[in-house]
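Colleague: I have the sequence and the model open. Can we go through them together, one question at a time?

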Protein chains: 2
Amino acid sequence: MKRKVALKDIAKELGVSTALVSYVMNNQEEEKGVNKESALKIREAAARLNYRPNQIAKSLKTNKTHTIGLIVADIAYRFTTGVTRAIEAEAKKNNYTVIFGSSDESNKKFHELANVLINRQVDGLILVPVENSEQEIEYLQKHDIPFVLIDRYFPGLDANMVAIDNYKAAYQCTAHLVKTGHRNIAFVNYKTTLFHLQERNRGYRQALQDNGIEPQPGLVIDVREKHLEEDVRKGIKQVMALNPAADSVFFATDILAIHGLKNINAMKIKVPGELGVLSFDESEAFELFSCPVTHGRQPIEDIGKLAVTTLLDLVANNKVKRRIVLESDFIKGKSCGE
Amino acid sequence: MKRKVALKDIAKELGVSTALVSYVMNNQEEEKGVNKESALKIREAAARLNYRPNQIAKSLKTNKTHTIGLIVADIAYRFTTGVTRAIEAEAKKNNYTVIFGSSDESNKKFHELANVLINRQVDGLILVPVENSEQEIEYLQKHDIPFVLIDRYFPGLDANMVAIDNYKAAYQCTAHLVKTGHRNIAFVNYKTTLFHLQERNRGYRQALQDNGIEPQPGLVIDVREKHLEEDVRKGIKQVMALNPAADSVFFATDILAIHGLKNINAMKIKVPGELGVLSFDESEAFELFSCPVTHGRQPIEDIGKLAVTTLLDLVANNKVKRRIVLESDFIKGKSCGE
DNA sequence: AAATTTGTTTTAATCGTTTAAAATAATATT
DNA sequence: AATATTATTTTAAACGATTAAAACAAATTT
């Protein structure tokens, strides 16, 4: 790469000081009382020499990188692509750039990534925390590093966050299955300590109880993340072999639903005729299924946008404390019957 | 954010110079002949004070940011998530970070993003160029900014690139449809000047001709990106209304295929019975379709990996010229019949 | 004892900006 | 004409690191 044109070069070209050039390049000619003609000359020379301010040098001086670090759980999740897009758009609106990395649900990677981003002096972090990452979060708090958690959070930690009410959403989903005539409602969820997913369990159970249905342990399928395909397959088989068999399945995430529906297809089970299906999150894939899949929908754009605005408030004035809980939508398809 | 611990602070703490600390922190104690005891003391103090080197300052001095700028076309594409993940992984292996942005197929955004990334002094760029971005590419070349194009490229520009042979892949796909007994093969593609997509048209036509089938203009559906849903819907209706009607459809991208299949579902057309279907790229969504969709598969991981290694070679020694053309796979489903 | 060698550490300039304070020039006021 | 005011520009230190060159100290050789 050729050496870049620096402030100094423009200054030398015109026989003025770098200070003057700096003022003009930052549009401070008014406050700093720069002569109009000088400003014009400087602008002209900057354009002619194709000057591009070195953000690195700028950052070093101002101690602001205008960069947000984003750690997502897995780039393949629909939630991730949606929220990343929203974050990027909102960041750009505020003249911020996003540096991004994926933890792939690994606590080690999460820690390493946080380190890398902090060393790069990002102004703040937006995080989808992984299982057992409380320590890392506490470290950030202790060191006054501005951050916002999204999607997931830890009830014991008093951190800024933007998420949905998972309990309520799961409650509503389950209640809908009951209302559409189902009583043997299976529930497929990851086997995890992540609070937001446990909240979905709680919502499921409570909705059943409130409708006079005793939760059946046999209808709850715990899926190990590492054995996703296997556990979903076995789980579906299992609940269909019960007596009485499951009359519906509630999937706690879109990924689980996709794998579940694949198996349901393979087993030639009719939806909604033989089995009602409901997914917590949506997926583009649902559109190719034999019938429209009823599902919840998180306000992903809002989550991303609010995460950025909260973070930027935090960066500007670190007194902010916000725990934003959003409502999630419910999209009626035909997979639960009428 | 609290003021960070700097080299200076460690130096002051121990009453030594920053140079010594710097040598130790960069593991150069051997070459620079630092006393073992001093090194130990320095390491201990660094750990105790929780020193984190300021990458910004480092970059300013070394003129290397260890950062790759990545501009993708749209974060919602499967190609994007796959290739981004591969790029990120390979970058990390080489101690590089990825800064990333999405052009959303807009030339203006593409230009702005390139600017932002260059100002941030990325060491190099990996680009999925958009329509009419030749100028921007030429600008990069003129200014010796290291970059690698992926997925798409311009035949007239002699740039480093990693992509598949779109002509050949499309040829093979079309030939497969012929071999499975189809003769009225519709082709759905974007209406675009992008070379890689035109190559798919060329492959389609040539395969037909080589099999003694005269290409029918009425079977080719041009989809405007801005009117994706509408044009796909009308297009499918149109080719099914022909006399003779289309007996199969070849979709030039996964997104087109998803929208096509959605309509095929809605129109209750049986696949492969009434209509053969083939998609150029794969999608997770295909797994929920009533039958496994036959499709091409790009070696996405290889593309990402090779893009990074090529770029890093380029950064290290700017004499590299590489035009890497990879083969694409073909996954036989059941959507074309036997 | 002086000179040399070896081992260890410091000095100081530099990267490209920003910015408060000082300096200079031009004009207005007395 | 001396002084004050205003307009414009420059100086120089700083951000936090790197690194060649110089400096110092101790040990070895002459």
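Colleague: How do the residues of the surface near DNA strand D divide into nonpolar, polar and charged?

Modeller: Keep in mind that this is a predicted model. There are 28 residues around DNA strand D. They divide into 13 nonpolar, eight polar and seven charged.

Colleague: Which residues come nearest to DNA strand D?

Modeller: Both protein chains are represented. Chain B contributes B:L7 and B:S22. Chain A contributes A:S17, A:S38 and A:K61. So the names you want, given that near is set at 4 Å, are A:S17, A:S38, A:K61, B:L7 and B:S22.

Colleague: How far is a phosphate oxygen of DNA strand D from a polar backbone atom of B:L7?

Modeller: Take the other phosphate contacts beside it. A polar backbone atom of A:N35 is 3.2 Å from a phosphate oxygen of this strand. For B:N26 the partner is a side-chain N or O atom, at 3.0 Å. For the backbone of B:L7 the distance is 2.5 Å.

Colleague: Which elements give two or more residues to the surface near DNA strand D?

Modeller: Chain A gives α2 (18-25) and α4 (55-62). Chain B gives α1 (7-14), α2 (18-25) and α4 (55-62).

Colleague: Now DNA strand C. Which elements supply at least two residues of the surface near it?

Modeller: Chain B supplies α2 and α4. Residues that come nearest to this strand include B:S17, B:S38 and B:K61 from chain B, and A:L7 and A:S22 from chain A. From chain A, the elements are α1 (7-14), α2 and α4.

Colleague: What percentage of the atoms of DNA strand C within 4 Å of the protein belong to sugar or phosphate?

Modeller: Look at individual contacts too. A side-chain N or O atom of A:Y51 is 3.1 Å from a phosphate oxygen. The backbone of B:N35 also has an N or O atom 3.2 Å from a phosphate oxygen. Bases make up the rest of the count, and the sugar or phosphate part is 61%.

Colleague: Which residue has a polar side-chain atom 3.3 Å from a base oxygen of DNA strand C?

Modeller: This contact goes to a base oxygen. The residue is also listed among those that come nearest to the strand. It is B:K61.

Colleague: Why is chain A called more spread out than a compact globule?

Modeller: Chain A has twelve helices and twelve strands. The globule rule gives 20 Å for its 338 residues. The chain is well over that, so it is more spread out, with a radius of gyration of 26 Å.

Colleague: What box do the C-alpha atoms of chain A fill?

Modeller: The box is taken along the principal axes. Within the chain, 53% of the residues count as buried. The box is roughly 90 × 40 × 35 Å.

Colleague: Is B:G15 buried or exposed?

Modeller: B:G15 sits in the loop between α1 and α2 of chain B. Its C-alpha atom is 59 Å from that of B:N132, 117 residues along the chain. Exposed means over 50%. At 66% relative accessibility, B:G15 therefore counts as exposed.

Colleague: And B:N263: buried or exposed?

Modeller: B:N263 belongs to helix α11 (residues 254-266) of chain B. Leaving out residues up to four places away in sequence, B:N263 touches B:V232 and B:R233. A polar side-chain atom of B:N263 also lies 2.9 Å from the backbone oxygen of B:H259. Its relative accessibility is 16%, so B:N263 counts as buried.

Methods. Residues numbered from 1 in each chain as written. Chains lettered and ligands numbered in written order. Predicted model: local features only at pLDDT ≥ 70, side-chain atom pairs only at ≥ 80, totals over all residues. Heavy atoms only, no water. Polar contact = N/O pair within 3.5 Å; in protein donor to acceptor, adjacent residues only side chain to side chain. Helix = DSSP H or I, 4+ residues; strand = E, 2+ residues; numbered from the N terminus. Nonpolar A, V, L, I, M, F, W, Y, C, P; charged D, E, K, R; others polar. Rg over C-alpha atoms; globule rule 2.2 N^0.38 Å. Buried < 20%, exposed > 50% of the residue type's maximum accessible area, 1.4 Å probe, protein only. Contact = heavy atoms within 4.5 Å.
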